[in-house]
Amino acid sequence: MADFAKLGIGNIVEQVIVVSNDVATTEQAGIDFLKELYNEPNGIWKQTSYNNNIRKNFAGIGFYYDQARDAFIPPKPFNSWILNEDTCLWEAPVAKPDDGQRYTWNEQNQTWDLV
């Protein structure tokens, strides 16, 4: 199965659809199928991948498609977080403790607080 993300205003993912590999033999074949299926000849679709083989991350509703990076980027969880250019994922400015306990990010103090 092939997965496709429909892009809306500002390249924000509005929908993710699964298309049979029999239909989506190429990315363009899948896009053409979806444009016809939804009767949206100007619709913008990009293929996405669960195993992150293409476009860095699997697209989700609300993700941003960055054309320059050819990557899907999730919404920024906190203002202080920084985009990792290699993974196109957001990272806290302070590493999360790796001691097996549960933590939550405290944006005001920019610390990981024990839950």
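**A tour of ring pairs and salt bridges**

Select Trp81 and Trp105 to begin: both residues are buried (under 20% relative accessible area, against over 50% for exposed and in between for partly exposed, with a 1.4 Å probe and protein chains only). This is a predicted model, in which local features need pLDDT of at least 70 and side-chain atom pairs count only at pLDDT 80 or more, while totals for chains, interfaces and linings use all residues. Residues are numbered from 1 along each chain as its sequence is written, and side-chain values use heavy atoms, leaving out hydrogens and water.

Next, add Phe78 and Trp112, which ring pairs link with Trp81 and Trp105 into a cluster. Rings of Phe, Tyr and Trp (its six-membered ring) pair if their centres lie within 6.5 Å; planes under 30 degrees apart are stacked, over 60 edge-to-face, and the rest tilted. The structure holds 8 aromatic pairs. Among them, Tyr65 and Phe72 have ring centres 5.3 Å apart and planes at 55 degrees, so this pair is tilted. Tyr65 is buried at 4% relative accessible area, and Phe72 is buried at 0%.

Now turn to the salt bridges (a side-chain nitrogen of Lys or Arg within 4 Å of a carboxyl oxygen of Asp or Glu), of which the whole structure has 5. Select Lys6 and Glu40, whose closest N and O atoms are 2.7 Å apart. Lys6 is buried at 13% relative accessibility, whereas Glu40 is partly exposed at 28%.

Finally, select Arg69, which forms a salt bridge with Asp66 at 2.5 Å between the closest N and O atoms and another with Glu85 at 2.8 Å. Asp66 is buried, at 8%; Arg69 is partly exposed, at 33%.
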